[in-house]
Structures are given as C-alpha cells and as structure tokens.
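Here is a set of short exercises to work through with the viewer open. Try each task before reading its solution.

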Amino acid sequence: MLPEDLRKHLRFYFITDDSGGPAPLEQAKAAILGGATMVQYRNKAFDGRFFEEATAILRLCRVNQIPFIVNDDPVLARALGADGVHVGQADGSLKTARSIVGKNALVGVSVSTLDELARTPVEFCDYIGTGPVFATSTKPDASPVIGVAGLKAVIDRSKKPVVAIGGINAANAAACFSAGAAGVAVISCVSRADSPLEDARFLAGACGIEVFSE
Ligand code: 3NM
C-alpha cells in the first residue's frame, strides 16, 4: 500500500469491542457507515464465534474497500485472508508476524513509551499504535496514560505513521491530529455509544472525513 493510502486508512480506525453490547458485526457496520476507514477485529477470547464473525466483518470491509485487520494473531490473520495483523509488545516477535502474513499485508504494533519504541524493530511494521493517550476502561491492563505529550514524543521519534489510541472521542481527537497522529483508533466511542452511527459520524467529522448521510 502506498504511504499516502495507508495514512488515509489509518485516520479513523475502528476496533471491535468484545466485552458485550452490540454484536461486533453491528458495531462495524455503524462505524463504517459513520466513516471508519479501517477496521480491526479484536476478540481476545478467540472463542467459537471467531471465524464466523471475523469472516462477516472481513466481507463488510471488502465491500466498503477498507482494510480488515486481525488483532494479536498473525496465523489467524493469514488463515482468514485478512489485510493485516496488529500485535502488541507481548504477542511474539514482530519479525515473525511479518514473515507469517507476508510483505504485502499490513502489520501494526503497539508502542506505549519511547523505550518500547527504541526496542521495537519498526522495519517489520507499517504503522505504530500508541497509547493510552487518555484514560480508558476498555482495556483494563493498559499501560499508564501517556497524554498528548507522550503521544507527541513517540510521533516525533517514529519513522512510521502513528495512530493514537485510548479514550479517544470526537471531543479530543483533534488534539491527537495536532500532535501529528496519522489517525485515531477507537473502541467505546462507537461500540458503547447510545447511537453508534451518530457518534461515528461525529468522530469522522473530527477526523476530517467527509461522510454522506441519506
Ligand atoms: N489498546 P477505547 S488502549 C485496545 O494503549 C487498546 O495500547 C490500548 O479503547 C493501548 O477507545 C485500548 O474504548 C482500548 O478507549 C481503546
């Protein structure tokens, strides 16, 4: 993918919520209709619904021509024919993830601090996810909040585009873009909204994405 196309897709990156509430496919529909430019399927339980749900969301992404990314597991990403995988610091080596999904797939990695960035072989990834920028209750084991200053520190050192994550919504997304983020990755601001479609549209507006409404 060309760097400018990647940056375009990273702008509003929706990640499915596996903690109850609306079904992930419904979340993804609202997010995409609301303007999401990339979707990650995150199901930490890797439970029985994994393949069916992932395949349905993949099809939805294909129809809408946006990349479909699988969280954590490069083997599953490859088996599903996903467009890429997103791995954390603890998900095994980035080099291995790249070798499994191949050179044409997207690989993202989570980096929370400058130390982690320095230890990460970024030549094997396409983008970096950095956070939590703001407080989040969606990931109980998240690292300490880094704030916009922490986000900017990683962006300033990173050779790869950086997506901000953690507690992001339509009200604070602009601060992430001002710091130089290529995009924002969100879960609850869409998945737990009273009106997921409406809140997705608000966020899209804050991301500078034009959304057509009927
Ligand atoms: N990763 P919400 S924060 C999945 O800091 C995830 O690496 C984080 O959810 C990190 O948009 C996070 O609801 C949760 O705050 C993001």
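The exercises below concern a predicted model.

**Exercise 1. Find the order in which the strands close into a barrel, and whether the pairing is parallel or antiparallel.**

Solution. Start by tracing the sheet: 8 strands close into a barrel in the order 1-2-3-4-5-6-7-8, and the pairing is parallel. Going from one strand to the next, the twist averages 25 degrees. Now look at strand 1, which pairs with strand 2 in the parallel sense over 3 bridges. Strand 1 is also joined by 3 bridges to strand 8 (residues 183–186), again running parallel. Tyr 13 lets you check both pairings: Met 38 stands opposite Tyr 13 in strand 2, and Ala 185 stands opposite Tyr 13 in strand 8.

**Exercise 2. Decide which residues of strand 1 are buried on each side.**

Solution. Take one side, where you find Phe 12 and Phe 14. Then turn to the other side, where Tyr 13 and Ile 15 sit. All four are buried, and both faces of the strand are covered. Helix 2 (residues 24–33) lies across strand 1 (12–15) and strand 2 (38–41), and runs at about 170 degrees to strand 1.

**Exercise 3. Locate the bridges between strand 6 and strand 7, and the helix that packs there.**

Solution. Strand 6 (residues 127–130) and strand 7 (residues 162–165) run parallel and are joined by 3 bridges. One pair to pick out is Gly 129, whose bridge partner in strand 7 is Val 163. Next, find helix 7 (residues 147–157), which packs on the sheet and touches strand 5 (106–111), strand 6 and strand 7. The direction of helix 7 makes about 165 degrees with that of strand 7.

**Exercise 4. Identify the residues with the most contacts inside the largest nonpolar core, and the element that gives the most to this core.**

Solution. The largest nonpolar core has 56 residues, and Phe 12, Phe 68, Leu 151 and Val 184 have the most contacts inside it. Helix 3 (residues 50–63) gives the most to this core, with 6 residues. Another core, of 12 residues, lies apart from it; its members include Tyr 127, Val 163, Ala 182 and Ile 187.

**Exercise 5. Test the span of helix 3 at 1.5 Å a residue, then work out how its buried residues are arranged.**

Solution. First the span: the 14 residues should cover 20 Å, and the end C-alpha atoms are 20 Å apart, so the two agree. Next, list the buried residues of helix 3: Phe 50, Glu 53, Ala 54, Ile 57, Leu 58, Leu 60 and Cys 61. Viewed down the helix axis, these buried residues fall within an arc of 160 degrees, so they line one face of the helix. They pack against helix 2, strand 2, strand 3 (68–71) and helix 4 (74–80). On the face turned away from the buried side, helix 3 carries the exposed residues Glu 52, Arg 59 and Val 63. After helix 3 comes Gln 65, with a positive phi near 55 degrees.

**Exercise 6. Classify His 9 and Arg 119: buried or exposed?**

Solution. His 9 is found in helix 1 (residues 3–10). Its relative accessible area is 15%, and buried means under 20%, so His 9 is buried. Leaving aside residues up to four places away in sequence, His 9 touches Met 1, Thr 37, Met 38, Gln 65, Ile 66 and Pro 67. Arg 119 is in helix 6 (residues 114–119). With a relative accessible area of 59%, Arg 119 is over the 50% cut-off, so this residue is exposed.

Notes: Residues numbered from 1 in each chain as written. Predicted model: local features only at pLDDT ≥ 70, side-chain atom pairs only at ≥ 80, totals over all residues. Heavy atoms only, no water. Pairing = 2+ DSSP bridges. Helix = DSSP H or I, 4+ residues; strand = E, 2+ residues; numbered from the N terminus. Axes fitted to C-alpha atoms, helices over the stretch in contact; angles between N-to-C directions. Contact = heavy atoms within 4.5 Å. Core = buried A, V, L, I, M, F, W, Y, C linked by side-chain atoms within 4.5 Å. Buried < 20%, exposed > 50% of the residue type's maximum accessible area, 1.4 Å probe, protein only. Expected span 1.5 Å × (residues − 1). Arc of directions from axis to C-beta.
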